[in-house]
Amino acid sequence: MMATPTSIEPPPERRPRRSRTRTALALGMAGLLASAGVTALTGTAEAASTLGAAAAEKGRYFGAAVAANHLGEAPYASTLNTEFNSVTPENEMKWDATERTRGSFTFGSADQIVNHAQSRGMKVRGHTLVWHSQLPSWVAGLGTADLRSAMNNHITQVMQRYKGKIHSWDVVNEAFQDGNSGARRSSPFQDKLGNGFIEEAFRTARAADPAAKLCYNDYNTDGVNAKSNAVYNLVRDFKSRGVPIDCVGFQSHFNSASPVPSDYQANLQRFAALGVDVQITELDIEGSGTAQANNYGNVVRACLAVSRCTGITVWGVTDKYSWRASGTPLLFDGNYAKKPAYGAVLSALGGSQRRLYGDVQQGRGVE
Ligand code: XIL
């Protein structure tokens, strides 16, 4: 039983997070740290020292794509658990994983990820319901009426399974073509159901889990271009006609052929101005060292500058399991060491890495 409060001490969540021991340590070490060029501990409140905590202080989440079959690897799980406060199943909620055979649903691996996240207070992004890729071949074999009911049933079954557990769903993924046409991409859904399939998918999704935010998600839409204009027009049309849509996901897979666009922030902002949230959903940036770190910092700062940019997800925990492993595009290397890009992200989020006494003595700048 809690006693009736008699002092005016603020509730725990309002108190500075530093403990007495830590404060004393910090004070005692201030001179030493300063001489080592470390200023992280001199403020009144300690800066957050993980990606998730730092993002939370900015009112955002910071997530990672997760593969169920790596959760048993101790450093994978501990890096995930320590640093991230949102997860996206990398493949486990896709159609070929959840309904490989028509009407027979399998949720084992997706459940594993959702349970892992929920038991640790992490959010979950749902990815993805209607997509031309990782689609079992039986779907493409259906006639129009059957395809319509299969699509709606798939959305309904998968969303209801996780009802109340998913903060945002990628309802439709990658429905537009690359290049200058601004046209829809050919897919079983597009080819048989026509342009209305996206609207139908979103209406079905709203009915299946009214509390989940419903996103349209795509790549090569990160800057202002013909493809992002087409998505923009879709969202504007949906908003004007009251078709349910809450968010747009920007995958943000970058490399030298597809660099971070200079109008990235402006593009996020114009979508936000339509009245939807924007989320960076699959961020990875090929490269290394300072160049990669600078690019990551720019992306994070762009999100923070847009008030409706509600969170960032990187597309994996460690370079070694990245879908683009040879491009080393993530924040942790193959040994789970923090890369310069990690430092850039954390500091863009207003956090700072914890320096330990031993690190300073041994001349290590960072953990
Ligand atoms: C990728 C996964 O990372 C790979 O493991 C899988 O083999 C293929 O799909 N756009 C998306 C993601 O929306 O689902 C894709 O993920 C990457 C591109």
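This passage describes the disulfides, the nonpolar core and the packing of selected helices in a predicted model.

The structure holds 2 disulfides. In one of them, the sulfur atoms of C215 and C247 lie 2.1 Å apart. C215 belongs to strand 5 (residues 213-218) and C247 to strand 6 (residues 247-250), so this disulfide ties together parts that are 32 residues apart in sequence. The torsion about its S-S bond is about -90 degrees, and the disulfide is therefore left-handed. C215 and C247 are both buried.

The other disulfide joins C303 and C309, again with the sulfur atoms 2.1 Å apart. Here the torsion about the S-S bond is about -100 degrees, so the disulfide of C303 and C309 is left-handed. Both of these cysteines, C303 and C309, are buried. When the bonded cysteines of the chain are numbered in sequence order, the pairing reads 1-2, 3-4.

The largest nonpolar core contains 95 residues. Within this core, the residues with the most contacts are L51, F62, V172 and L331. Apart from its neighbours within four places in sequence, L331 touches L51 and F62, and also Y296, V314, A337, K338, K339, A341, Y342 and V345.

Three of these partners of L331, namely A341, Y342 and V345, are among the buried residues of helix 13. In helix 13 (residues 340-348), 7 of the 9 residues are buried, and the helix is therefore largely enclosed by the rest of the structure. The buried residues are A341, Y342, G343, A344, V345, L346 and A348. Their cover includes helix 2 (51-57), strand 1 (61-66), helix 3 (74-83) and helix 12 (289-305). After helix 13 comes G350, which has a positive phi, near 90 degrees.

A further contact is formed between two other helices, helix 7 and helix 9. Two packed helices are described by the angle between their axes and the distance between the axes. For helix 7 (residues 144-161) and helix 9 (residues 197-208), the angle is about 35 degrees and the axes are 9 Å apart. The crossing of helix 7 past helix 9 is right-handed. On the side of helix 7, the contact is made by R148, M151, N152, I155, T156, M159 and Q160. Helix 9 contributes F197, E200, A201, T204, A205 and A208. By type, the residues of this contact comprise 7 nonpolar, 4 polar and 2 charged. An α-helix has 3.6 residues a turn, so residues three or four places apart point the same way.

Technical notes
Residues are numbered from 1 along each chain as its sequence is written. This is a predicted model: local features need pLDDT of at least 70, side-chain atom pairs count only at pLDDT 80 or more; totals for chains, interfaces and linings use all residues. Side-chain values use heavy atoms; hydrogens and water are left out. A disulfide is a pair of cysteine sulfur atoms within 2.5 Å. Helices (H or I, at least four residues) and strands (E, at least two) are DSSP runs, numbered from the N terminus. Buried means under 20% relative accessible area, exposed over 50%, partly exposed in between (1.4 Å probe, protein chains only). A nonpolar core is a set of buried Ala, Val, Leu, Ile, Met, Phe, Trp, Tyr and Cys residues joined through side-chain atoms within 4.5 Å. Contact means heavy atoms within 4.5 Å. Axes are lines fitted to C-alpha atoms, for helices over the stretch in contact, and angles run from 0 to 180 degrees between N-to-C directions. A crossing is left-handed if the near helix is turned anticlockwise from the far one by less than a right angle, and right-handed if clockwise. Ala, Val, Leu, Ile, Met, Phe, Trp, Tyr, Cys and Pro count as nonpolar, Asp, Glu, Lys and Arg as charged, and the others, Gly among them, as polar.
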